[in-house]
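Me: Got a minute to go through this one with me? I'd like to hop between a few spots.

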Amino acid sequence: MKKLVFMFALVFAGATANAQAWNGQGDQKINAGLSVWGYGTGVTGTYDYGLNQLISIGAGLNGYFDNYKDNDNDNNVFIFGRLNFHLKDALQLPEKLDIYPGVDVGVLGKDFGIGAHIGARYFFTERIGVFAEIGNNGSLGVSFNL
């Protein structure tokens, strides 16, 4: 019985660990989810790397399977770089929450693509959380702390 209580305590402690949505310089995040509006409906994946407490840079890829630009098969993939401004400290948000406006610049098939967004991340554990972004290219899904 003691082992069962100990195991339960370990699981509970892991689930309520001090999760941080934004740590600043050197922080790395991966988002994976659905692109639900913007250039089309599909899947998305992004990576962000923290330069300092305020700014992160990264890259992303969206693959669209419906309603992409002009329904032209050449426009069903958006590859982009991104720049985010993290407002967790400026807005004195809880450690588990970060709000970040940003821009995406890249290639949409044969065309140039640009977008602006505002996003939010909330971490349930030290490693796993959720994210949502709205703007020209919006998405929602799971966020991972590296």
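**A loop residue, then the rest**

Me: Is Gln92 buried or exposed?
Reply: Gln92 counts as exposed, since its relative accessibility is 71%. The cut-offs are under 20% relative accessible area for buried and over 50% for exposed, with partly exposed in between, using a 1.4 Å probe and the protein chains only.

Me: Before I trust that, what kind of model is it?
Reply: It's a predicted model, so local features need pLDDT of at least 70 and side-chain atom pairs count only at pLDDT 80 or more, while totals for chains, interfaces and linings use all residues. Residues are numbered from 1 along each chain as its sequence is written, and side-chain values use heavy atoms, with hydrogens and water left out.

Me: OK. Where is Gln92 found, then?
Reply: In the loop between S4 and strand S5, which covers 97–108. Strands are DSSP runs of E with at least two residues, helices are runs of H or I with at least four, and both are numbered from the N terminus. Gln92 also has a positive phi of about 50°, though it isn't a glycine.

Me: And how many helices and strands in total?
Reply: One helix and eight strands. From the N terminus the order is α-β-β-β-β-β-β-β-β. Of the protein's 146 residues, 34% count as buried.

Me: Salt bridges next. How many does a search of the whole structure find?
Reply: Six. A salt bridge here is a side-chain nitrogen of Lys or Arg within 4 Å of a carboxyl oxygen of Asp or Glu. One of them pairs Arg82 with Glu133, at 2.8 Å from N to O. That pair ties together distant parts of the chain, as Arg82 is in strand S4 and Glu133 in strand S7 (residues 128–135), 51 residues apart.

Me: Why does Arg82 count as buried?
Reply: Because its relative accessibility is 4%. Glu133 counts as buried too, because it comes out at 3%.

Me: What does Lys88 form a salt bridge with?
Reply: With Asp89, where the closest N and O atoms are 3.4 Å apart. Lys88 also meets the side chain of Glu95 in a salt bridge, again 3.4 Å from N to O. Lys88 is buried, with a relative accessible area of 4%. Asp89 is partly exposed at 40%, and Glu95 is partly exposed at 34%.

Me: Which residues do salt bridges that share partners join into one network?
Reply: Asp48, Arg82, Arg121 and Glu133.

Me: New topic: how many cavities of 30 Å³ or more does the structure hold?
Reply: One. On a 1 Å grid over the protein atoms alone, a cavity is a set of points where a 1.4 Å probe fits but cannot get out, and lining residues have an atom within 4 Å of a point. The largest cavity has a volume of about 50 Å³, where volume is the space filled by probe spheres set on the grid points, joined across faces, edges and corners.

Me: What lines it, the largest cavity?
Reply: Thr44, Thr46, Asn62, Phe80, Arg82, Asp104, Glu133, Asn137, Gly138 and Ser139. Strands S2 (41–50), S4 (77–85) and S8 (138–145) are the elements giving two or more residues to that lining. By class, the lining divides into one nonpolar, six polar and three charged. Ala, Val, Leu, Ile, Met, Phe, Trp, Tyr, Cys and Pro count as nonpolar, Asp, Glu, Lys and Arg as charged, and the others, Gly among them, as polar. The salt-bridged Arg82 and Glu133 are both in the lining.

Me: And outside, which residues make the nonpolar surface patch?
Reply: Ile30, Tyr47, Tyr49, Leu51, Ile57, Ile128, Val142, Phe144 and Leu146, adding up to about 710 Å². Patch residues have over 30% relative accessible area and no salt bridge, and nonpolar side chains (Val, Leu, Ile, Met, Phe, Trp, Tyr) are joined within 5 Å. The areas come from the Shrake-Rupley method with a 1.4 Å probe; for residues, only the protein chains shown count as cover. S2 and S8 each supply at least two of the patch residues. Tyr49, in strand S2, is partly exposed at 34%.

Me: Last one: how far is Asn145 from Trp22 in space?
Reply: 9.2 Å, C-alpha to C-alpha, with their positions 123 residues apart in sequence. Asn145 lies in strand S8 and is buried at 9%. Another pair is Gly60 and Phe80, 20 residues apart along the chain with their C-alpha atoms separated by 5.3 Å. Gly60 lies in strand S3 (residues 55–66) and is buried at 11%.

Technical notes
On a 1 Å grid over the protein atoms alone, a cavity is a set of points where a 1.4 Å probe fits but cannot get out, and a pocket is an open set with protein on both sides within 12 Å along at least five of seven lines; lining residues have an atom within 4 Å of a point. Patches are made of residues with over 30% relative accessible area and no salt bridge: like charges are joined within 9 Å, nonpolar side chains (Val, Leu, Ile, Met, Phe, Trp, Tyr) within 5 Å.
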